[in-house]
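Thank you all for coming. Please take a moment with the sequence and the structure before I begin, and keep both in view while I talk.

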Amino acid sequence: MAKPDNRADNVEHLQQSIQNTQQNLREAEGYLNEFSSEISNEERQQIEEKNNRRKESIRSFREEVKDEAAHSQEQ
């Protein structure tokens, strides 16, 4: 039998994901700032592309938080 949909801690999980992603973004930006003269253009581009995906993920997580908040108000 399938487990019921328990959304009670979704916002907490999403907020943790936002914090983790922001931390990874800051670390990558710090790496680029510190080592930009020592890394290849290809590596720099890969890091920048990954950071763009991280920024998009953060936006998506925030939208999910809004959805969860709206869902919890309905109940």
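Let me start with Tyr 31, which has a relative accessibility of 31% in this predicted model, and which therefore counts as partly exposed, because that value lies between the 20% limit for buried and the 50% limit for exposed. Phe 35, with a relative accessible area of 27%, is partly exposed as well. Both residues belong to helix α1, which covers residues 10–35, and they sit four residues apart, or about one turn of the helix.

The structure holds one aromatic pair. Tyr 31 and Phe 35 form that pair, with their ring centres 5.1 Å apart and an angle of 45° between the planes, and the pair is described as tilted. Why tilted, you may ask? The planes of Tyr 31 and Phe 35 meet at 45°, and since stacked would need an angle under 30 degrees and edge-to-face an angle over 60, tilted is the word that remains.

Now let me step back to the chain as a whole, which contains two helices and zero strands. Of its 75 residues, 17% are buried. The chain exposes about 6100 Å², and carbon and sulfur atoms supply 43% of that area. If we take the contacts between residues at least 6 apart in sequence, 67% of them join residues that are at least 24 apart.

Which residues, then, make up the largest nonpolar core? There are five in all, namely Leu 14, Ile 18, Leu 25, Ile 58 and Val 65. Helix α1 and helix α2, the latter running over 41–74, each supply at least two residues of this core, and α1 gives the most, with three. In soluble globular proteins, as a general remark, nonpolar side chains tend to be buried together. Looking at one member of the core, and setting aside residues up to four places away in sequence, we find that Leu 14 touches Phe 61, Glu 64, Val 65 and Glu 68.

I would like to finish with Arg 54, which is found in helix α2. Arg 54 is buried, yet it has no salt bridge, and the nearest side chain of opposite charge, that of Glu 27, is 7.3 Å away. A salt bridge would need a distance within 4 Å, so Glu 27 does not provide one for Arg 54. What is Arg 54 in contact with, leaving aside its neighbours within four places in sequence? The residues are Thr 21, Asn 24, Leu 25 and Ala 28, and Leu 25 is one of the core residues that I listed earlier.

Note on methods:
Residues are numbered from 1 along each chain as its sequence is written. This is a predicted model: local features need pLDDT of at least 70, side-chain atom pairs count only at pLDDT 80 or more; totals for chains, interfaces and linings use all residues. Side-chain values use heavy atoms; hydrogens and water are left out. Rings of Phe, Tyr and Trp (its six-membered ring) pair if their centres lie within 6.5 Å; planes under 30 degrees apart count as stacked, over 60 as edge-to-face and the rest as tilted. Buried means under 20% relative accessible area, exposed over 50%, partly exposed in between (1.4 Å probe, protein chains only). A nonpolar core is a set of buried Ala, Val, Leu, Ile, Met, Phe, Trp, Tyr and Cys residues joined through side-chain atoms within 4.5 Å. Contact means heavy atoms within 4.5 Å. Accessible areas come from the Shrake-Rupley method with a 1.4 Å probe; for residues, only the protein chains shown count as cover. Lys and Arg count as positive and Asp and Glu as negative; His and the chain ends are not counted.
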